[in-house]
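Q: Please take a close look at the interface between the two domains of this chain. What does each side bring to the contact, and what kinds of interaction cross it?

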Amino acid sequence: MLGGMTTANVKNTAAIEVDETYVAHNYHPLPVVVAEAAGAWVTDLDGKRYLDCLAGYSALNFGHGHPELLATAHGQLDRVTLTSRAFHNAELGPFCEALATLAGKDMVLPMNTGAEAVETAIKVSRKWAYDVKGVPADQANIVVGQGNFHGRTTTIVGFSDDPGARDGFGPFTPGFRSVPYGDLAALDAAIDENTAAVLMEPIQGEGGVIVPPEGFLREVRELTTRRRVLFVADEIQSGLGRTGTTFACDLEEVVPDIYILGKALGGGIVPVSAIVANHDVLDVIHPGNHGSTFGGNPLAAAVGHAVVDLLATGEYQQRAARLGQRLDEGLRALIGQGVLAVRARGLWAGVDVDPALMSGRELCERLAARGVLAKETHGSTVRLAPPLVIEEGDLDWMLEQIGAVITGRTD
Ligand SMILES: *Cc1c(COP(=O)(O)O)cnc(C)c1O
């Protein structure tokens with residue numbers, strides 16, 4: 001037998017070898033090979049089950065294989081899957097109507113991945129600045145928050161401050177200014193007459209579930225309105241029920257000018273992203289200005305519509321809020337026993353482990369050995385984001401496993 005290989009994980013070990021040979025090394029996955037999944041649970045090639053507490057970085061808010069989402073996808077697969085936007089399709093309009101209604105906005109521009117939706121918001125903001133606000137050609141700037149994560153395109157990584165995401169990929173697109181996240185005075189100072197937008201995550205997900213100071217989002221809304229700047233909220237990870245509200249902005253009763261959505265909008269089945277805004281913003285886009293071959297395709301629109309229908313009941317938001325309290329309390333009980341800080345909103349938590357005890361990676365490896373899948377964001381911070389459909393008993397079990405790993409119990 002090869003070193004470390006046991007009969008219990010023989011198929012996983014072989015599959016990981018193939019991955020390491022043929023899949024580019026742009027990720028460092030935990031040594032778990034998922035073969036099947038249902039609800040909040042996944043099963044590896046050797047039949048071991050794990051509780052999925054990452055949920056595809058919140059793309060799986062409704063769990064694996066949600067029956068209504070699957071039924072919608074199956075039905076649509078047999079009707080029509082792709083038309084391009086050269087023609088209308090029967091699914092796109094109703095999906096956009098439902099999503100606009102959910103967000104309290106006028107209209108939707110559909111794309112596929114999160115990064116594309118962020119790019120779309122950047123383009124729309126710049127065009128709004130030139131066409132509506134009267135900023136001189138090519139002078140528009142956009143203010144972003146330090147520690148941001150908005151995706152992986154060359155423009156977007158250009159305003160990241162993560163060296164791993166950025167170094168080696170320049171030269172970068174000009175026109176972005178970065179200020180400390182949560183610092184209103186710095187934001188105010190960065191805005192000038194050519195500022196098109198403030199682009200921020202209402203809670204920074206990859207940053208480690210960083211929650212801005214109380215009242216900050218309201219102040220950003222007030223400041224951007226007063227300075228005639230668009231407030232663009234990247235809710236790709238924070239939105240669609242995760243925080244116990246439809247949008248994280250709802251936690252402060254704030255309405256941005258543009259919502260950027262992705263991840264859970266595709267129900268964990270297909271990539272679906274969008275920006276959602278009012279006419280005064282989205283009407284700057286005319287035929288030929290922007291588009292996507294796959295954006296708004298009938299399969300994506302049908303699944304996205306089913307996702308919006310799930311959210312329209314409010315059931316998932318309430319569940320995230322209720323179970324989120326349990327998650328918060330359970331994690332807080334570990335503060336002082338190896339956990340330094342906990343930041344939780346709904347079923348979403350950033351846990352800072354004492355670096356002297358173990359790294360975030362090590363915690364995730366030990367959790368995986370106990371059947372819990374989670375992912376460090378960086379250093380000693382681990383993000384927990386189970387599907388919103390997680391059973392209460394499973395959540396308690398997950399908290400027990402974390403407690404056991406942190407306090408070194410070996411039960
Ligand atoms: C994941 C994420 C993105 C990028 O989405 P992709 O679908 O991976 O391109 C952008 N913004 C935030 C806040 C995200 O969490």
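A: The domain interface is described below.

This is a predicted model, in which local features need pLDDT of at least 70 and side-chain atom pairs count only at pLDDT 80 or more, while totals for chains, interfaces and linings use all residues. Residues are numbered from 1 along each chain as its sequence is written, and side-chain values use heavy atoms, with hydrogens and water left out.

Domain 1 covers 67-312, and domain 2 is made of 314-346 + 358-373 + 399-411; these bounds come from an automatic or database domain assignment. Their C-alpha centres are 29 Å apart. Domain 1 supplies 15 residues to the contact and domain 2 supplies 8 residues, where contact means heavy atoms within 4.5 Å.

The two domains bury about 940 Å² between them, with 57% of it on carbon and sulfur atoms. Buried area here is the accessible area (1.4 Å probe) that two parts lose on being put together, summed over both. On the domain 1 side, Val211, Gly244 and Leu310 lose the most area to domain 2, together 39% of what that side buries.

As for specific interactions, 0 salt bridges are found across the interface (a side-chain nitrogen of Lys or Arg within 4 Å of a carboxyl oxygen of Asp or Glu). Polar contacts link 7 residue pairs between the domains, both residues at pLDDT 80 or more. Such a contact is a pair of N or O atoms within 3.5 Å; within protein, one must be able to donate a hydrogen and the other to accept it, and residues adjacent in sequence count only if both atoms are side-chain atoms. The side of domain 1 that touches domain 2 has 8 nonpolar, 6 polar and 1 charged residues; Ala, Val, Leu, Ile, Met, Phe, Trp, Tyr, Cys and Pro count as nonpolar, Asp, Glu, Lys and Arg as charged, and the others, Gly among them, as polar.
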